[in-house]
Amino acid sequence: MKVVVAPGYVPVEDLVVADQPRPEAGPGQVLIKLKAAALNPLDVKLSTGVMKDQMPVDHPFALGLDAAGTVEALGEGVQDLRVGDEVIAFTYGGSGALAEYALANAGPTVVRRPAGLDPVQGAALPVAAMTAAAVITAADVPTGGTLLIVGATGGVGSFAVQLAAQAGVKVLATATRDEADYVRGLGAKEAVDYTAGDVAELARAAEPGGVDAVIDLVNFGPGLAATAAAAKPGGRIVSTLGGPPSFDRDVTAVYTGVEGGIGRLDELVGKAAGGTLAIEVSSVRPFSEAVAAVVDFAAAANRGKTVITF
Ligand SMILES: NC(=O)c1ccc[n+]([C@@H]2O[C@H](COP(=O)([O-])OP(=O)(O)OC[C@H]3O[C@@H](n4cnc5c(N)ncnc54)[C@H](OP(=O)(O)O)[C@@H]3O)[C@@H](O)[C@H]2O)c1
């Protein structure tokens with residue numbers, strides 16, 4: 001089968017399409033014949049070696065974490081799926097999803113794809129939507145509270161804005177002027193143009209006492225202090241990228257990431273199929289262009305998700 005691999009820690013331009021034997025489903029695993037796979041920043045970070053100290057990988061490294069396709073085979077002990085089922089899967093711990101076939105560990109992160117959700121939309125969900133649910137849970141803003149989301153136009157951010165707004169939270173979302181209507185359409189009350197000045201100052205102009213929480217999907221390390229300044233005393237800052245344990249002000253830092261708790265992907269898939277969670281797919285490319293798609297994805301942030309079809 002064909003699979004996109006990094007032969008070592010290489011620039012994305014040096015990714016290759018390799019021929020590898022089709023993997024066998026081991027105990028507890030599902031073998032999926034791919035229909036669509038979505039790209040995530042982590043694919044780029046793992047293959048280029050940006051994260052090699054925190055998350056080293058073996059080579060050749062097969063990229064891809066988000067899959068939609070058909071169950072081709074089931075490993076021993078998998079009870080609740082059948083060969084031929086249409087599924088959506090997070091393939092971390094299995095094998096790379098930018099491949100004609102991929103393994104995923106059966107459980108709450110492999111769920112049936114409802115007929116109303118096509119494979120492109122389905123593949124766009126796992127990492128970004130599960131991470132969005134995780135950051136919203138970590139932000140713990142009550143109904144009627146306020147939340148600044150930095151990176152609101154991206155894969156994670158576009159889901160996080162919707163989930164927070166649906167929970168009755170007043171969302172301030174970063175967006176360039178061109179994208180302001182987009183984030184408002186997702187449910188944000190205010191768009192904060194991050195190119196027009198200091199984000200925390202702009203947010204405080206809209207919410208003078210500060211927000212209950214900040215979800216920052218862009219900055220990391222000491223850089224989080226600048227956006228943490230938008231939070232009110234006793235507030236929170238949530239990051240998917242990590243940073244210091246505390247700041248020199250009364251703001252609690254919470255670091256989290258993709259979370260596949262039981263039912264969570266199922267719940268998100270259900271919302272998407274039911275029309276209450278919009279999926280923004282900015283680019284759909286055929287598998288024959290997969291390497292070029294990763295190069296383009298790495299070069300410039302896109303609104304929502306980039307999806308590869310097979
Ligand atoms: N720890 C985990 O488990 C985990 C899981 C998922 C994601 N992540 C990380 O979380 C981050 C976001 O992921 P993603 O999939 O949402 O990425 P993404 O789709 O690339 O989105 C990033 C967004 O940030 C916006 N942006 C860029 N610079 C900005 C700035 N200075 N201020 C405000 N917004 C800015 C971009 O918008 P423009 O179009 O305006 O440039 C883009 O829409 C990535 O670093 C990813 O690696 C971590």
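Which residues are exposed on the other side of helix 8? They are Glu267 and Gly274, and they make a handy way into this structure, which is a predicted model. Below you'll find helix 8 in full, then the salt bridges, a little sheet and a pocket.

**Helix 8: two sides to the story**

- Let's start with the hidden part: Leu265, Leu268, Val269 and Ala272 of helix 8 are buried.
- Those four sit on the same side of helix 8, because they cover an arc of only 100° around the axis.
- Flip to the other side of helix 8 and you meet Glu267 and Gly274, both exposed.
- So what do the buried residues of helix 8 pack against? Their partners are two strands, strand 6 (86–90) and strand 8 (110–112), plus two helices, helix 3 (126–139) and helix 4 (155–166).
- Right after helix 8 comes Gly275, and its phi is positive, near 85°.

**Salt bridges**

- How many salt bridges does a search of the whole structure find? The count is 13, and here are some to look up.
- Glu72 pairs with Arg22, with their closest N and O atoms 3.3 Å apart. This pair ties together distant parts of the chain, 50 residues apart: Glu72 belongs to strand 5 (residues 66–74), while Arg22 is in the loop between strand 2 (16–19) and strand 3 (29–38).
- Is either partner tucked away or out in the open? Glu72 counts as partly exposed, because its relative accessibility is 29%, and Arg22 also counts as partly exposed, at 41%.
- Arg303 makes a salt bridge with Glu280, and here the closest N and O atoms are 3.4 Å apart. Again, distant parts of the chain are linked, this time 23 residues apart. Arg303 lies in the loop between helix 9 (290–299) and strand 16 (305–309), and Glu280 lies in the loop between helix 8 (264–274) and strand 15 (281–286).
- Arg303 has a relative accessible area of 30%, so it is partly exposed; Glu280, with 24%, is partly exposed as well.
- Glu259 and Arg264 bring their side chains together in a salt bridge at 4.0 Å, N to O. Glu259 is partly exposed at 37% relative accessibility, and Arg264 is partly exposed at 22%. Why isn't Arg264 called buried? Its 22% doesn't fall in the buried range, because buried means under 20%.
- Some salt bridges join up: Lys35, Glu86 and Arg113 are linked in a network of them.

**A three-strand sheet**

- In what order do the strands of the open three-stranded sheet run? The order is 2-1-4, and the pairing is antiparallel.
- Strand 2 and strand 4 (61–62) are the edge strands, since each pairs on one side only.
- Strand 1 (residues 2–6) joins strand 2 in the antiparallel sense through four bridges.
- To see one pairing up close, find Val5: its bridge partner in strand 2 is Val16.

**The second largest pocket**

- How much space lies in the second largest pocket? It holds about 230 Å³.
- This pocket is lined by 16 residues, and the closest to its centre are Phe61, Ala62, Leu65, Tyr92 and Gly93.
- Helix 1 (41–48) and strand 4 each supply at least two residues of that lining. Strand 4 is the edge strand you just met in the sheet.

Definitions and conventions:
Residues numbered from 1 in each chain as written. Predicted model: local features only at pLDDT ≥ 70, side-chain atom pairs only at ≥ 80, totals over all residues. Heavy atoms only, no water. Buried < 20%, exposed > 50% of the residue type's maximum accessible area, 1.4 Å probe, protein only. Pairing = 2+ DSSP bridges. Arc of directions from axis to C-beta. Contact = heavy atoms within 4.5 Å. 1 Å grid on protein atoms, 1.4 Å probe; cavity = no way out; pocket = protein on both sides within 12 Å on 5 of 7 lines; lining within 4 Å. Points joined across faces, edges and corners; volume = space filled by probe spheres on them.
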